[in-house]
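Me: Got a model open here and want a quick tour of how its parts pack. Can you walk me through it?

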Amino acid sequence: MADLVFAFDPALDRPLPRLESAPAAVAEPVATAATDALLSAAAAARQADAAALVLFGRVLDPQRASPAQAAMLRSLITGLADHGCRTVWLAADTTHCADIARMLGEPAGLVFVTPTAPLQLEIRGIAVEIISASDRHAAGLPVLTAPADTTHPALSTLERRIVLGWDASHWNSERWDDEPATAEHRWTPHAGGPLANTFCVWGSRRRPPVAAGWHHLPALQARSAHESAAGSCGMLTLLDHPTADDAALPSSRRDTLESRTDWRHNWREIPTHNVAWRTVTIASATGGDEELATTIWSSIEALSLDVRGPLEIIRCHVECGTSVSRRVRVAEISAETLARVRQLYDPRTFRAWCHEVIADPGESLIALGHSRSGAKPGSTTSFSTALADIVNGLEQQPLHAIPADLARESAWLALELIEST
């Protein structure tokens, strides 16, 4: 059971990119993944008998939405309202609220929150305030303080405060666009920890370091393998609901609505994604496309995949034993290898689609450096040895401007370019 369900960044008008050469059994789940994830969150809200489904991040842009997308979202909102569940939409401003209401035809059960207009609700006898923390593009979160006007009826009876914020990471960027997480970038929403009776949620498609008391929530559906999680919604219970044992022994609790623990600990996430990305790493130092395809398929078959579970998009990394010529060879035979692997795909028994075969970009370059190659300091060294030393040095500096994984990938690309010319 849950009182509030949180859904971050459904992005209904921005479907996942289509996969090239994919059959209908793969293309259709990818095309509907964003919508299906939101439907899963709504189903979880109905099943949990939630009082509200809270939508924040990108939901449906009135300037981009199709009539079918608007009709689907309206049906979802009215369906939840029939079950006594309101839909809370965090919007940028009152103008955006009016555009959304006009697009959806002002459905019953839809209410809005803006940065300047919090929402007060009563959920199961508990006064709740939902606040939009800040502009989603802001680098940090605002300082939260206790309400100044405690004589206001809505504030004097306030028992629960929900603060929501989010960022735009990975919306229009790639993984190498993220700034490194240094102490200066950590969010410190308020000194001394979270305020009493305040629950804070930060939505992001990556997993940044958040301050104590803030709960990271990923998007409902990931859009690539570079995101922090496949996709889930958050569920919060405002109090401990009586168990069967409590009902049998009513004298064991003074009040059935009294929480035995801090209500802010009643947070959990449930998966909502319908498409997931997985990386499979294999070793292949020799052989052509047929041998490589056989090795890849054997690795995929060994995976424990649920036929009724999410569609798995497989990215295969081939370890080449630091052989640059083998890495170039893998790139040359990747298309033929993929074709052989895909011939074995059967959607009725195996929900895994091999999307890409590449030489492992994260393979270590230590074996090419001075310490392993036998080169002496001060002597003339090859370009590969010098480049390996640079990358190995960057790996010893975790807060360097260039992350270690990107440094390795860049170095291998440079060596492959030289090898192939």
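Reply: Sure, here are a helix pair, two sheets and a cavity, in a model that is predicted.

Me: Helices first. At what angle do helix 2 and helix 3 pack?
Reply: About 5°, with their axes 11 Å apart. Helix 2 covers residues 33–47 and helix 3 covers residues 67–82.

Me: What does that make them, roughly parallel or roughly antiparallel?
Reply: Roughly parallel. Angles under 35 degrees count as roughly parallel, so this pair falls in that class.

Me: Which residues meet there?
Reply: From helix 2, Thr 35, Leu 38, Leu 39, Ala 42, Ala 45 and Arg 46. From helix 3, Met 72, Leu 73, Leu 76 and Leu 80.

Me: And by class, what is in that contact?
Reply: Between helix 2 and helix 3 there are eight nonpolar residues, one polar and one charged.

Me: Switching to sheets. What's the strand order in the three-stranded one?
Reply: 12-13-14, in an open sheet with parallel pairing.

Me: Why do strand 12 and strand 14 have one side without a neighbour in the sheet?
Reply: They stand at the edges, strand 12 at 275–283 and strand 14 at 352–359. Each has a single partner strand, so one side of each stays unpaired in the sheet.

Me: How much twist from one strand to the next?
Reply: It averages 25°.

Me: How many bridges link strand 12 and strand 13?
Reply: Nine, in the parallel sense. Strand 13 spans residues 311–319. For a specific pair, take Thr 279: its bridge partner in strand 13 is Arg 315.

Me: Which strands does helix 7 touch?
Reply: Helix 7, residues 289–301, packs on the sheet and touches strand 12, strand 13 and strand 14. Its direction makes about 125° with that of strand 12.

Me: What about helix 8, which strands does that one touch?
Reply: Strand 13 and strand 14. Helix 8 is residues 324–342 and also packs on the sheet. The angle between its direction and that of strand 14 is about 165°.

Me: Now cavities. How many of 30 Å³ or more?
Reply: One. The largest cavity holds about 30 Å³ of space.

Me: What lines the largest cavity?
Reply: Trp 297, Val 341, Arg 342, Tyr 345, Ala 352, Trp 353 and Cys 354. Helix 8 and strand 14 are the elements that give two or more residues to that lining.

Me: Which element gives the most?
Reply: Strand 14, with three residues.

Me: And how do the lining residues divide by class?
Reply: Six nonpolar, no polar and one charged.

Me: Back to sheets. What's the order in the five-stranded one?
Reply: 5-6-7-8-9. This sheet is open too, and the pairing is mixed.

Me: Which are its edge strands?
Reply: Strand 5 (119–123) and strand 9 (214–217), each pairing on one side only. Twist in this sheet averages 25° from one strand to the next.

Me: Last one. In what sense do strand 5 and strand 6 pair, parallel or antiparallel?
Reply: Antiparallel, over five bridges, with strand 6 at residues 126–132. Glu 122 stands opposite Ala 127 in strand 6.

Notes: Residues numbered from 1 in each chain as written. Predicted model: local features only at pLDDT ≥ 70, side-chain atom pairs only at ≥ 80, totals over all residues. Heavy atoms only, no water. Axes fitted to C-alpha atoms, helices over the stretch in contact; angles between N-to-C directions. Helix = DSSP H or I, 4+ residues; strand = E, 2+ residues; numbered from the N terminus. Parallel < 35°, antiparallel > 145°, perpendicular 65-115°, else oblique. Contact = heavy atoms within 4.5 Å. Nonpolar A, V, L, I, M, F, W, Y, C, P; charged D, E, K, R; others polar. Pairing = 2+ DSSP bridges. 1 Å grid on protein atoms, 1.4 Å probe; cavity = no way out; pocket = protein on both sides within 12 Å on 5 of 7 lines; lining within 4 Å. Points joined across faces, edges and corners; volume = space filled by probe spheres on them.
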